[in-house]
Amino acid sequence: MFNSSLMLRDLVILSVVVFFMLSMAACGSSSDSSVSNLSGAIAIDGSSTVYPVTEAVAEEFQIANPDTRVTVGVSGTGGGFTKFCVSDTDISGASRPIKDNERELCAENGVEFIELRVGLDGLAVVKNKDNNYLNDLSMDQLAKVWGPASEDSVMKWSQVDSSFPAEDIDLYGPGTDSGTFDFFTEEVNGEGGASRGDYTPSEDDNVLVTGIAGNEHSMGYFGYAYYAENMDVLGIVKVNGVTPSNETVSNGSYALSRPLYIYVSINSLQKKEQVLEFVRYYLSDEGIAMVIEVGYSNVPVDELEASRRTVEESVQ
């Protein structure tokens, strides 16, 4: 009798435990299924500068949502808008604001969008790691190097500064479809698109890194994140005595500070749940932290909150 009572008690306890475990498993599977039910493709293209942030966000998003497929291309800001404004992509990264002609192209094709500033970047002027004289250049000296009038004219570094050696100038920079190119030429040469043409262009910043790293007397420019990734082979050139950093970019004391954007199709937000959830994650505390991780600076908190409201208002 004593043993039977003990057995009955143990069975009751075991039943309660099993019921509790099954209930917890059911709750867990329900949560997991809600994540796994999010599926579909998200097409992104545009700026090579914004790319490292978007790619990092995409990787984390796909881990949490394995049935989604996020593709992130690098056609440059201009090339990205060309695709975005004909609905070939859902999101376009940009290292400059959209131009009037691009805005008109979107309007002609019925593409409505929202503009979200996701970070700040100090465009890096870089040199070969072994170069010991290109340490600090003024904006005027940069213009003398990169101005359109310098093509086939300013060919030696000694022409830029008499203290520099009479070595051949070897330049690397983004191509004309790049927002980085537009920004640099506007700020340095006073007109967007105005540049000498006798340099090595590429929309792939890794190609530029390789070129600059291969010649002691070379110089180039691109987003700061690519410099941060390649400090072992590249050196930074101060501009007007200021080095790009989170502080100098955020407070505007660095002359080549610029905003970074993503442009999002309202149609995609409203009709593709995966796009909406991706943008929500991008602007979340976890997602936006990628901006700092790749070497850029965050936008102010109040602006981030405003961007989140913009997203929600666009789907109401």
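This report describes the aromatic ring pairs and a charged surface patch of one protein structure. The structure is a predicted model.

**Aromatic pairs**

A search of the whole structure finds 15 aromatic pairs. A pair of aromatic rings is described by the distance of the centres and the angle of the planes. Two of the pairs are set out below.

| Pair | Centre to centre | Angle between the planes | Arrangement |
|---|---|---|---|
| Phenylalanine 61 and tyrosine 281 | 6.2 Å | 40° | tilted |
| Tryptophan 146 and tyrosine 221 | 5.1 Å | 80° | edge-to-face |

The pair of phenylalanine 61 and tyrosine 281 links distant parts of the chain, with the two positions 220 residues apart. Phenylalanine 61 belongs to helix H2, while tyrosine 281 belongs to helix H11, which covers residues 273–282. Both residues are buried.

In the other pair, tryptophan 146 is found in helix H5 (residues 139–146) and tyrosine 221 in strand E9 (residues 218–222), so this contact ties together parts that are 75 residues apart in sequence. Tryptophan 146 has a relative accessible area of 1% and is therefore buried. Tyrosine 221 also counts as buried, at 1% relative accessibility.

Ring pairs also join Phe81, Phe84, Phe113, Tyr261 and Tyr263 into a cluster.

**The negative patch**

On the surface, Glu59, Glu60, Glu286 and Glu293 form a negative patch. At least two residues of this patch come from helix H2 (51–64), and at least two from helix H12 (285–293). Glutamate 293 is located in helix H12. Its relative accessible area is 62%, so glutamate 293 is classed as exposed. Helix H2 thus contributes to the patch and also holds phenylalanine 61 of the tilted pair.

Terms used: Residues are numbered from 1 along each chain as its sequence is written. This is a predicted model: local features need pLDDT of at least 70, side-chain atom pairs count only at pLDDT 80 or more; totals for chains, interfaces and linings use all residues. Side-chain values use heavy atoms; hydrogens and water are left out. Patches are made of residues with over 30% relative accessible area and no salt bridge: like charges are joined within 9 Å, nonpolar side chains (Val, Leu, Ile, Met, Phe, Trp, Tyr) within 5 Å. Accessible areas come from the Shrake-Rupley method with a 1.4 Å probe; for residues, only the protein chains shown count as cover. A salt bridge is a side-chain nitrogen of Lys or Arg within 4 Å of a carboxyl oxygen of Asp or Glu. Lys and Arg count as positive and Asp and Glu as negative; His and the chain ends are not counted. The place of a charge is taken as NZ of Lys, CZ of Arg, CG of Asp or CD of Glu. Helices (H or I, at least four residues) and strands (E, at least two) are DSSP runs, numbered from the N terminus. Buried means under 20% relative accessible area, exposed over 50%, partly exposed in between (1.4 Å probe, protein chains only). Rings of Phe, Tyr and Trp (its six-membered ring) pair if their centres lie within 6.5 Å; planes under 30 degrees apart count as stacked, over 60 as edge-to-face and the rest as tilted.
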